[in-house]
Structure formats: C-alpha cells, structure tokens
Amino acid sequence: MKDHNDQRPFSEDNYTHNINRNQERMLDRRGFMKTLVGAAGVFAVASLPWGAVAAKELMGLSDKEYPHQKIVNVKDILVGDSVKFAYPSEHDSALLIRLSETNYVAYQNACTHLRCPVFWEKEEKEMICPCHHGKFDAATGAPTAGPPKRPLPEVKLSVRGGSVYAVGVKRYEA
Ligand code: FES
C-alpha cells in the first residue's frame, strides 16, 4: 500500500522556489544599513545641543527664560511700595517690591501652601498670606511663618532706562 504522506501534492510547490537567495542577502544588508543609519541619527540628535537643552530642561537645572516685560517706571514706585503684575503669563500673578533706592525684588505671589494671593504688608515689611497666616521674607521669598514650607518663585528683574522689567523666573531649588 502506498504511503500518502510521502507524496507532495505538486512537485513544484515546495514553498521556496520563488526566493532568490542573493537578492535575499542584499535586502538583508540594505535593511541592516537602514537600521544603522537610523540608530546613528538618533544618537546624533541626542548628542546635539538641543538634546542637552532637553535633558537639562527635563532635569530642571536651567532657569526658564521668558520674554522681557515692563512692570513699572522707577519714578512711579516709591521705596517701600509694591506693584502687582502678571508674569510670565496673564494667569501668573506676581508682586514687585521696592525695598530700597536700588533694590527691587519680585515674586510670583500664589502662596506655596494653598495658592492664596500673598500681599506686601508695608508696615510689617513682610509678605503675608491671609488664608492661614503664612509669611514670607521679602528679601528672599523664603517662608518665615505659618504653613508654607517652600519659598515663593522669584521673578528675575532688570532695571534699565528708568523702568523695571521682568526678565525670567528662577527655578525653585530645594
Ligand atoms: S494658602 Fe497661604 S498660608 Fe495657606
């Protein structure tokens, strides 16, 4: 009796007859080269300056740079007074205080406890949060009383041409 399993249904149909092995190797080599070029591109991008910038940004090491924004004319703010402004966006409330003839400081004034607006108490020479009696040192932005544990983010300033400008926001450093 004939064993049927020994027989191929069609003698030509061995499922490999249409493969040209040389061509197959060429495709392999081309695919490999493509992979190499792709990998080199990824490494190049990662090692270029913007790769470093992105890494720095992700690690929170660099200060944020924002467009410069005029806050007030020097002649319009007396020593000991404060001016409220928004920086860097219109939703970021901030406070500029003129501590002396030449010393200006500014902070984003959302309290670092629960974000109530902090205001400048001229007589006390302190920044006060009315919500839970938080207080901040105007010279440094550091908390001095109440529940806040972190300093207020400092707005970097530049005084030039008779005006005070906001030029950036310092990152919080623990
Ligand atoms: S929100 Fe400022 S002390 Fe609580």
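The largest nonpolar core of this predicted model has 14 residues. Those with the most contacts inside this core are Ile71, Val72, Phe85, Leu96 and Val155. Several strands meet here: β1 (64-73), β2 (82-86), β3 (93-98), β4 and β10 (163-169) are the elements that give two or more residues to the core. The largest share comes from β10, with three residues. In soluble globular proteins, nonpolar side chains tend to be buried together.

Ile71 makes a good starting point for a look around this core. Leaving aside its neighbours within four places in sequence, Ile71 is in contact with Val83, Phe85, Leu96, Leu157, Val164, Tyr165 and Ala166. Apart from the largest core lies another one, of 13 residues. Leu95, Met127, Cys129 and Phe136 are among the residues of this other core. Cys129 has a relative accessible area of 2% and is therefore buried.

Stepping back to the whole chain, the secondary structure comes to two helices and ten strands. The order is easy to remember: from the N terminus on, the elements run α-α-β-β-β-β-β-β-β-β-β-β. The chain has 174 residues, of which 24% count as buried. Its accessible surface comes to about 12,400 Å², and 56% of that surface belongs to carbon and sulfur atoms. Among contacts with a separation of 6 or more, 41% are between residues 24 or more positions apart.

Some of the strands that feed the largest core also pair with one another. Three strands form an open sheet in the order β2-β3-β4, with antiparallel pairing. The edge strands of this sheet are β2 and β4, each of which pairs on one side only. On average, neighbouring strands of the sheet are turned by 20° against each other, direction ignored. Within the sheet, β3 and β4 run antiparallel and are joined by five bridges. One residue pair to look for is Ile97 with its bridge partner Val105 in β4.

A further open sheet is made of four strands in the order β5-β6-β7-β8, and its pairing is antiparallel too. At the edges stand β5 and β8 (143-145), each with a single partner strand, so one side of each is left without a neighbour in the sheet. The twist in this four-stranded sheet averages 40° from one strand to the next. Two bridges join β7 to β8, which run antiparallel. In this part of the model, Lys135 stands opposite Ala145 in β8. Strands of a sheet pair through backbone hydrogen bonds, either parallel or antiparallel.

The cysteines complete the picture. The count of disulfides comes to one, and it is formed by Cys116 and Cys131, whose sulfur atoms are 1.8 Å apart. The link of Cys116 and Cys131 is left-handed, with -90° about the S-S bond. Cys116 lies in the loop between β4 (104-108) and β5 (119-121), and Cys131 in the loop between β6 (126-129) and β7 (134-136), so the pair ties together parts that are 15 residues apart in sequence. How do the two partners sit relative to the surface, buried or partly exposed? Cys116 counts as buried because its relative accessibility is 16%, below the 20% cut-off, whereas Cys131, at 36%, counts as partly exposed. Elsewhere, Cys111 is buried, with a relative accessible area of 3%.

Note on methods
Residues are numbered from 1 along each chain as its sequence is written. This is a predicted model: local features need pLDDT of at least 70, side-chain atom pairs count only at pLDDT 80 or more; totals for chains, interfaces and linings use all residues. Side-chain values use heavy atoms; hydrogens and water are left out. A disulfide is a pair of cysteine sulfur atoms within 2.5 Å. Buried means under 20% relative accessible area, exposed over 50%, partly exposed in between (1.4 Å probe, protein chains only). Two strands pair if DSSP finds at least two bridges between them. Axes are lines fitted to C-alpha atoms, for helices over the stretch in contact, and angles run from 0 to 180 degrees between N-to-C directions. Contact means heavy atoms within 4.5 Å. Accessible areas come from the Shrake-Rupley method with a 1.4 Å probe; for residues, only the protein chains shown count as cover. A nonpolar core is a set of buried Ala, Val, Leu, Ile, Met, Phe, Trp, Tyr and Cys residues joined through side-chain atoms within 4.5 Å.
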